[in-house]
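Q: I'm new to this structure and would love a close look at a single part of it. Could you walk me through how some of its helices pack?

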Amino acid sequence: MSPLVSALHLYDIANVKGVAADLSHCNTPSQVLDFTGPSELANCLKGVDVAVIPAGVPRKPGMTRDDLFIINAGIVKTLVEAVADNCPEAFIHIISNPVNSTVPIAAEVLKQKGVYNPKKLFGVTTLDVVRANTFVTQKKNLKLIDVDVPVVGGHAGITILPLLSKTRPSVTFTNEETEELTKRIQNAGTEVVEAKAGAGSATLSMSYAAARFVESSLHALAGDPDVYECTFVQSELTELMFFASRVKLGKNGVESIISADLEGLTEYETKALEALQPELKASIEKGIEFVHKQQAAAKSA
């Protein structure tokens, strides 16, 4: 629906034609083209400015994000290799879970191909912000349009840290409210998985969040000087190689990482920030290790 989208290329291994035909009937300026299967992947990506990767399997009840890892890691690796070969300058948006591992996978693949630009690789964590904004608005009876809660860390369980003390407009929370809201934001994905009772995970709210992040990227690419979003990127804010925080987006990707959000945290947030780091570190290392193992296997084959 965004007037900033001139062409939309859809790719999957099956069932693309129907979705493309359906979407192409919307009276929007974008041209919709469909590409099916590995033989059409290169053509799909040529000349693309933004590559969005939501591919993979969703979480089912009882599944951890680790269970998703093996399947989705391979899918992301294959797709990012194709991006590296066909549109290395594109913004790359990784949605496929577990984001804490799939973004490092993408980075390693791009490094191997000699085209890694850390400013243009994003883990899409916007859904955490969308949920935080929604839940805080409901809890405090605020006007949604005004509410902005930065969410830092990663994109799974305790690695998701909403900085409620940094909510704009300024609002106070009791310790109980802070704990309750933080846990709900961290477990919101599971809330949907359980409500769907085996029929999938969060798709509509995820689509909404992804659309927001893609549109923000398109505004940045178009030269809008005032675009800020939380996203999981290569970062020096902590000792971790990747970390989600608010960034300023520009024509070349990440223009700056907003470090002020991590200053003057509450005791609860400071402890939570320390607690999430070992888990996030392990997920990042798992992604990197996956690519190195695959590379070693390919050499010895």
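A: Here is a friendly tour of two helix pairs, with a stop at one residue at the end.

Keep in mind that this is a predicted model. Let's begin with helix H4 (residues 99-112) and helix H9 (residues 267-300), whose axes come within 7 Å and cross at roughly 40°. An angle of that kind makes H4 oblique to H9, and the crossing of the two is right-handed. On the H4 side, the residues that meet H9 are Asn100, Ser101, Pro104, Ile105, Glu108, Val109 and Gln112. Their partners in H9 include Leu280, Ser283, Ile284, Phe290 and His292. Sorted by class, this contact has 8 nonpolar, 7 polar and 2 charged residues.

Now turn to helix H5 (residues 126-140) and helix H8 (residues 204-221), which pack at an angle of about 110° with their axes 8 Å apart. Angles of 65 to 115 degrees count as roughly perpendicular, so H5 is roughly perpendicular to H8. H5 contributes Thr126, Leu127, Val129, Val130, Arg131 and Asn133 to the contact, and H8 contributes residues including Met206, Tyr208, Arg212 and Phe213. By class, the contact of H5 with H8 has 7 nonpolar, 3 polar and 2 charged residues.

Finally, find phenylalanine 243, which sits in strand E9 (residues 242-250). Phenylalanine 243 has 0% relative accessibility, so it counts as buried. Beyond its neighbours within four places in sequence, its contacts include Val152, Phe232, Leu262, Leu273, Leu276 and Leu280. Leu280 is also one of the H9 residues that meet H4, so to speak a familiar name from the start of the tour.

Conventions
Residues are numbered from 1 along each chain as its sequence is written. This is a predicted model: local features need pLDDT of at least 70, side-chain atom pairs count only at pLDDT 80 or more; totals for chains, interfaces and linings use all residues. Side-chain values use heavy atoms; hydrogens and water are left out. Axes are lines fitted to C-alpha atoms, for helices over the stretch in contact, and angles run from 0 to 180 degrees between N-to-C directions. Helices (H or I, at least four residues) and strands (E, at least two) are DSSP runs, numbered from the N terminus. Angles under 35 degrees count as roughly parallel, over 145 as roughly antiparallel, 65 to 115 as roughly perpendicular and the rest as oblique. Contact means heavy atoms within 4.5 Å. Ala, Val, Leu, Ile, Met, Phe, Trp, Tyr, Cys and Pro count as nonpolar, Asp, Glu, Lys and Arg as charged, and the others, Gly among them, as polar. Buried means under 20% relative accessible area, exposed over 50%, partly exposed in between (1.4 Å probe, protein chains only). A crossing is left-handed if the near helix is turned anticlockwise from the far one by less than a right angle, and right-handed if clockwise.
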